[in-house]
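Hi everyone, thanks for coming. Let me put the chain up on the screen, and then I'll walk you through a few places in it.

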Amino acid sequence: LQSNGCCIGTGFAEGNIEPEEETMIKIAGNSYLVSPSLPDVHGCSPGWSSAFYGAECFDSEVHGYMKNLGKQKPCESQNIDAKKVELEQLLMMETKNYRKTIKFYQKLLQKERSSKGPETKSMLLKLRGQLQEMKSKVQFLELVKKYMQMMYAEQWGVESCVLPTVIHNGRTDIVDVAPMDESSLLLYYSTEKHQCNNQNGVRVLQAGTPLGLMAYLYSRNAFLEGYVQQFLYTFRYFCTQEEFLQFLLDRISSTLSSSNLDPSTSLTKICNRSFYILQAWIEDCYSVDFATNADLLCTLKEFISSKVVPLNGYGERLLSLLEDASARKSGSAHQCSSVDKCEEEGEEDRKTLHSLCKKLSEDVSRKGFVTLHTFFLQNFNWKLSKGMGPIAQYQRERLYTISSVLPKPCYNSFTEEFPGSFAKADEVGPYLLIEYSAQQLCCQLTLLQQEVFHKCHPVHFLNSRALGVKDKCVAVQKAVSTETVSLKVCNLFLSKCVQDQYLLQLLRYADSISTWIAAEIVTCHTSKLQVSLLSKFLLIAKCCYEQRNFATAMQILAGLENLIVRQLPAWKILPAKVAEIMEELKAVEVFLKSDSLCLMEGERFKTLPTIPSAHVLAMHVQQLETGGFTMTNGARKWTKLRNIAKVVSQVHAFQENPYTYTPDFKLQSYLRQRITRYKDADISALAADNCANFHQIQAEKHSRKIQDTLRRMKATFQ
């Protein structure tokens, strides 16, 4: 949804603060009156786009639109609260129109299927174009809304020369602390003239001490330039969650009593900025920092209840935010984040409409898909099959089935028992895989993979060496449990930093898929069945990578590259066109390993769902982690941390655009059971019990034929 255009201006003008009820700020040369009131409790987190694009997250079109919002007359002052009201009204209206249009499109689509008249087809084409325009308008307004939320946070930013004061205000041992200056905390380097302003140069943060990096969160434009989001992804390399929380709470404690006085004072800014930073941390990283650390959560709740709630209304909002985050973590909260009923309706509609529009606007999606094919063809000389677009015929036929509205069975874990009606997977064996098409199996495997992928967080991919994740090894050794993994080896986080180990579950799931595929093939009792399964899995993998599910595609490749599987005689009788897919998969693997941001190139990832390979992404992060994080003067290399944050931010980017295939619960249950059955299998032991897995010598074949002939003749005389 973000555009990568002209960068945002560097600055809030200095010396423009007036001790009035409203504060004047200046952004990109435009002055705004900003009310000191705090915004809604939700929506403070800058999001992945801030970490990825940095200062270029909001282009000149957003600035121009923001400038004209809430402005009735040219000479009228631009109050940001008026802008907020007008933007919310526009967003609600556009969303309602979008919803009505897509419902009309659905009715017209059903009518076209029955009548198939030329007038209906032409109307559908026009509506598709209108839907794309309306969708783009809603997305643009949401981008402007995100920019406005950042502006609310930026009104409490301080100049860089005040940063030593930020540290000094929170110290309890100020008598023994020597005066600090900015140069002892942060190190900058200058760039050439900036594109969006007339300044001679721009200072870019290069390194800083842990205290300096935490203090820089309070600097002007830290939200807009992406620093806050990048910090939230990477601070565990130089401080623990407890240290960061204590830093924020100390600043709140020392300034809370003065925060309700003059809004232009440094104390008020430090206090309110602390609330914004804390809120952004909770919104973005609750699952990896607070949900896994009960002591940290208890400390925060106790502080808010005892210190903040009696003096500041923001305390109740933070407690409500923590409750919502906890409910979402347990799966019992609404996905909508807005408190206001109208906003809640609009947000839910936007999510529903986004899903429906992805199903209905097949032509636009296929154009992006063809672009992806063209890119691969130019680089790898692939011969890709036709008719394998993002939404296949199987998917279109199932858009309006009864199963699409049935509730999904809840399985708390991958290995949980399944309903009795689906308990015959072992009896059916691999034959059900042959009955379903590659597209059908691809869709359901993608939904299963998406279920696991959407539970991960960008932070999960950091410091993976400490979890035992290595190159040329898809997952951690099966015999090693999550609790017994040693964090002492190659641990880049601080020793007391609590690390969520969900990445191990993600990699073990990938390993279970690969093992299942290898086991299904080696347990086939005939070469003909093995050829059928090999062909099926290769076609599934091809379908997966064409639909940007690179995770499942690479898992299938790993299963087929198993040493036992690669030596099977069935490969020699595999059709040549199907065998070529293996080379395509290897080319995809090379492409994924070539660049850590290869899947974020262009605009495809914004419109087409994507699931990356977890192991490949972890390896890219490990490569960025190679080398020291600390300079000779003790400062941490922020440029290195910023690059890591940019790479892991793509996890949240891909999670924003889910697949919308119709789930086939019976097929999913069958797949789950087969995967669970073979996830810990010994492939060599399974292969040893099957004659079809061995090359037969010609002499043995001849003697066996003679013996079979004699046995038949003997039977005729009895």
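To start, how many helices and how many strands are there in the chain? There are 29 helices and five strands. Helices here are DSSP runs of H or I with at least four residues, strands are runs of E with at least two, and both are numbered from the N terminus.

A quick word on where this comes from. It is a predicted model, so local features need pLDDT of at least 70 and side-chain atom pairs count only at pLDDT 80 or more, while totals for chains, interfaces and linings use all residues. Residues are numbered from 1 along each chain as its sequence is written, and side-chain values use heavy atoms, with hydrogens and water left out.

Now the overall numbers. Of the 718 residues of the chain, 53% count as buried. Buried means under 20% relative accessible area, exposed means over 50%, and partly exposed is in between, with a 1.4 Å probe and protein chains only. The chain exposes about 33100 Å², and carbon and sulfur atoms supply 53% of that area. Those areas come from the Shrake-Rupley method with a 1.4 Å probe, and for residues only the protein chains shown count as cover. As for contacts, meaning heavy atoms within 4.5 Å, residues 24 or more positions apart account for 78% of those in the chain with a separation of 6 or more.

Let's turn to the strands. Which strands does β4 join? Strand β3 (residues 186–190) and strand β4 (residues 203–208) run antiparallel and are joined by five bridges. On the other pairing, two bridges join β4 to strand β5 (residues 636–637), again antiparallel. The rule for a pair is that DSSP finds at least two bridges between the strands. If you want residues to click on, tyrosine 188 stands opposite leucine 205 in β4, and glycine 208 stands opposite arginine 636 in β5.

Next, salt bridges: a side-chain nitrogen of Lys or Arg within 4 Å of a carboxyl oxygen of Asp or Glu. The structure holds ten of them, and I'd like to show you a few.

One is between arginine 220 and glutamate 159, with the closest N and O atoms 2.6 Å apart. This pair links distant parts of the chain, 61 residues apart: arginine 220 is in the loop between α6 (210–215) and α7 (227–234), and glutamate 159 is in the loop between α4 (118–154) and α5 (163–169). Arginine 220 is buried at 15% relative accessible area, whereas glutamate 159 is partly exposed at 22%.

While we're in that loop between α6 and α7, asparagine 221 is found there too. Its phi is near 70 degrees, a positive value in a residue other than glycine, and asparagine 221 is buried at 4% relative accessibility. Asparagine 463, in the loop between α17 (438–453) and α18, also has a positive phi, near 55 degrees. Asparagine 463 counts as buried, at 0%.

Moving on to α18 itself, glutamate 520 meets arginine 674 in a salt bridge, 2.8 Å from N to O. Glutamate 520 lies in helix α18 (residues 502–522) and arginine 674 in helix α27 (residues 665–678), so this pair ties together parts 154 residues apart in sequence. Are these two residues buried or exposed? Glutamate 520 is buried, with 0% relative accessible area, and arginine 674 is buried at 2%.

Then there is a pair within one helix. Glutamate 589 and lysine 593 form a salt bridge of 3.5 Å, N to O; they are four residues apart in helix α22 (residues 576–594), so about one helical turn separates them. Glutamate 589 is partly exposed at 22%, and lysine 593 is partly exposed at 48%. There is also a network, in which salt bridges that share partners join Lys542, Glu546 and Glu584.

How many disulfides does a search of the whole structure find? Zero, with a disulfide taken as a pair of cysteine sulfur atoms within 2.5 Å. Cysteine 544 is in no disulfide, and the nearest cysteine sulfur, that of cysteine 442, is 3.6 Å away. Cysteine 544 is buried, at 0%, whereas cysteine 298 is partly exposed at 46%.

Last stop, the surface. Ile706, Leu710, Met713 and Phe717 make a nonpolar patch of about 450 Å². Patches are made of residues with over 30% relative accessible area and no salt bridge, joining like charges within 9 Å and nonpolar side chains (Val, Leu, Ile, Met, Phe, Trp, Tyr) within 5 Å. Methionine 713 lies in helix α29 (residues 698–717) and is partly exposed, at 44%.

That's my tour; thanks for listening!
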